[in-house]
Amino acid sequence: MEIQIRSESAQTRSDYKPTSPRVTRSQVWFFRVCSTILVCTCFIQLCVHSRIFTGPVEPVRLQHLLPPRRNYTSNGILRVSCNGGLNQMRAAICDMVTIARLLNLTLVVPELDKKSFWADPSDFEDVFDINHFIDSLRDEVRIIRKLPKRYSEKHGYKLFQMPPVSWSNEKYYLHKLLPRFRKHKVIHFNRSDTRLANNGLSLHLQRLRCRVNFQGLRFTPRIEALGAKLVRILQKRGSFVALHLRYEMDMLAFSGCTHGCTQEEAEELKEMRYAYPWWKEKEIVSKERRVQGLCPLTPEETVLVLKALGFHKDTQIYIAAGDIYGGERRLALLKESFPRTVKKETLLHPTELQQFQNHSSQMAALDFIVSVASDTFIPTYYGNMAKVVEGHRRYLGFKKTILLNRKRLVELLDLHKNKTLSWEQFAVSVKEGHEGRRMGEPTHRKVISDKPKEEDYFYANPHECIYESPSTSTEWTVKLAKSI
């Protein structure tokens with residue numbers, strides 16, 4: 001009897017299970033959410049404290065999905081030495097990528113000009129985001145950072161070099177140069193400016209030029225960050241005009257324009273022109289150049305034109321240029337007439353620009369960013385920067401760009417100076433001369449087949465790329481019809 005009772009009590013203890021509080025699904029999710037928030041908070045605090053102790057860092061870009069690599073048999077390697085300033089080299093790089101795509105070549109990252117007037121030691125990766133350049137175009141062209149050692153001169157390889165014929169079409173590259181690449185394996189283009197025609201190329205090649213220009217060529221994070229800061233400062237103060245005042249020493253020496261200069265300055269500019277062998281034209285009559293509209297406007301002339309166009313004294317003006325020839329003496333009237341005139345040197349602390357000193361391409365990149373973002377862009381000379389910025393502003397929706405008719409303006413300025421034209425007549429004539437197409441309105445490029453230098457530049461108006469979808473194409477057609 002006693003044994004049976006113990007057995008029953010043992011069975012009762014073995015069947016016993018302690019009760020526990022029931023955990024609902026909502027409580028589990030609440031715990032997970034709280035844990036996630038806690039981890040994220042700790043991570044953010046860690047990042048903040050690491051920045052405090054290590055100093056400022058460059059902005060981090062999110063990695064986008066890379067396009068698939070294009071597989072093709074390379075017909076050779078193209079090495080390129082660019083020549084000219086930042087924007088001339090920018091356009092050339094776009095052309096070289098397009099040529100490499102046309103001929104199925106492997107492109108070495110282009111070398112920037114270090115021997116010109118500016119003597120800028122910057123390499124490609126100092127100005128442009130080299131990783132983005134290579135990766136973003138990998139579905140079109142194979143791009144390598146350096147020439148393979150077996151093809152270098154240090155290893156005894158004799159590199160075949162040549163300048164391609166300017167303004168050449170697809171037929172020239174396919175029939176004349178492709179056989180040379182197959183023969184030599186590697187060719188060095190020692191000049192790169194305007195080596196591809198403005199017109200007559202296949203649509204996919206024209207659009208590739210645009211893709212490189214608008215998407216593939218991105219400035220380094222350091223340049224983009226400082227450029228964005230300049231834009232923010234200006235925009236906080238209101239709308240602003242970017243004035244590309246191309247009254248700089250190299251421009252005046254190259255063009256032979258000495259209007260407004262002293263005799264000593266004119267001699268200095270002439271000596272400089274003779275000092276640089278790649279400036280082929282030496283003897284230049286300044287007065288003739290000016291009458292033909294081939295000279296940049298002087299700062300004083302620019303003041304009169306801005307007033308005639310209706311810009312008021314409180315207009316915020318950003319001078320997108322390097323050192324103005326003649327210094328503050330030549331800028332005095334502009335600053336007196338428009339007190340809100342600024343430069344990057346006056347908007348930023350000297351330490352912020354210190355890293356860019358003696359690097360003209362990097363300084364020009366800052367001006368490029370501001371010019372593209374400005375409410376109105378006005379170049380006083382229609383050079384490479386003016387053209388490339390104009391093209392970017394068209395691409396961004398026909399932002400207002402005033403292209404000055406310098407030939408007409410010189411005539412009007414002289415008539416006003418000798419009192420033949422009153423101020424009212426001068427102002428009316430200036431406004432009438434800059435209506436419609438001189439304000440950056442939609443238009444097709446002017447084509448002059450036998451005179452490519454005189455036709456419209458592709459990068460100033462890449463209309464093949466501006467609108468590609470049917471809806472936006474219709475919108476562009478309407479705008480174009482209104483401007484005609």
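Two strands count as paired here if DSSP finds at least two bridges between them. With that in hand, let's walk through this predicted model, starting from one strand and working outwards.

Strand β5, residues 186-189, is a good place to begin, and Arg79 leads us straight to it: the bridge partner of Arg79 in β5 is His188. That bridge belongs to a set of four that join strand β1 (residues 77-80) to β5, with the two strands running parallel. His188 has a partner in another strand too, since Gln161 stands opposite His188 in β5. Here the link is between β5 and strand β4 (residues 160-162), a parallel pair joined by three bridges. As a general point, strands of a sheet pair through backbone hydrogen bonds, either parallel or antiparallel.

How does the chain connect β4 and β5? Helix α6, residues 170-184, completes a right-handed β-α-β unit with these two strands.

Now look at the two faces of β5. In a regular strand the side chains alternate between the two faces of the sheet. In β5, Val186 and His188 lie on one side, Ile187 and Phe189 lie on the other, and all four are buried, so that both faces are covered given that buried means under 20% relative accessible area.

Phe189 also takes us into the interior. The largest nonpolar core has 74 residues, and the members that touch the most others are Phe124, Phe133, Phe189, Phe219 and Tyr318. Which element gives the most to this core? That is α3, with ten residues. A second, separate core has 38 residues, among them Leu245, Leu306, Ile378 and Leu404. More broadly, nonpolar side chains in soluble globular proteins tend to be buried together.

Helix α3 deserves a closer look. Running from residue 86 to 103, α3 has 18 residues and reaches 26 Å from its first C-alpha to its last, close to the 26 Å expected at 1.5 Å a residue. Of those 18 residues, 16 are buried, so α3 is largely enclosed by the rest of the structure. Just after the helix, Asn104 takes a positive phi of about 55°.

Tyr318, another of the well-connected core members, offers a way into a second sheet. Leaving out residues up to four places away in sequence, Tyr318 touches a list of residues that includes Leu230, Phe240, Val241, Leu243, Val342, Leu347 and Val370. Strand β7 covers residues 317-319, and three bridges join β7 to strand β6 (residues 241-244) in a parallel arrangement. Within that pair, Val241 stands opposite Ile317 in β7.

These two strands sit in an open sheet of four, in the order β8-β7-β6-β9, with parallel pairing. Why is one side of β8 and of β9 left without a neighbour in the sheet? The reason is that β8 (341-342) and β9 (376-379) stand at the edges, so each has a single partner strand.

The loops hold some details too. After β5, the loop that leads to α7 (203-216) contains Thr194. Phi of Thr194 is near 45°, a positive value in a residue other than glycine, and Thr194 is partly exposed, with a relative accessible area of 22%.

Further along, the loop between α17 (384-395) and α18 (406-417) contains Thr401, and Phe398 is found in the loop between these helices as well. Phe398 has a positive phi of about 55° although it is not a glycine, and it is buried, with a relative accessible area of 12%. Is Thr401 buried or exposed? Thr401 is buried, with a relative accessible area of 2%. A polar contact of 3.0 Å joins its side chain to that of Arg393. Beyond its neighbours within four places in sequence, Thr401 is in contact with Phe377, Glu390, Arg393, Arg438, Met439 and Gly440.

One more loop, between α19 (423-432) and α20 (463-466), holds His444. This residue is partly exposed, at 41% relative accessible area. His444 and Asn461 are 17 residues apart in sequence, with their C-alpha atoms 7.5 Å apart in space.

Finally, step back to the whole chain. It has 21 helices and nine strands, and 48% of its 484 residues count as buried. Among contacts between residues at least 6 apart in sequence, 76% join residues at least 24 apart.

How values were computed: Residues numbered from 1 in each chain as written. Predicted model: local features only at pLDDT ≥ 70, side-chain atom pairs only at ≥ 80, totals over all residues. Heavy atoms only, no water. Buried < 20%, exposed > 50% of the residue type's maximum accessible area, 1.4 Å probe, protein only. Polar contact = N/O pair within 3.5 Å; in protein donor to acceptor, adjacent residues only side chain to side chain. Contact = heavy atoms within 4.5 Å. Right-handed = clockwise from strand over helix to strand, strands pointing away. Expected span 1.5 Å × (residues − 1). Core = buried A, V, L, I, M, F, W, Y, C linked by side-chain atoms within 4.5 Å.
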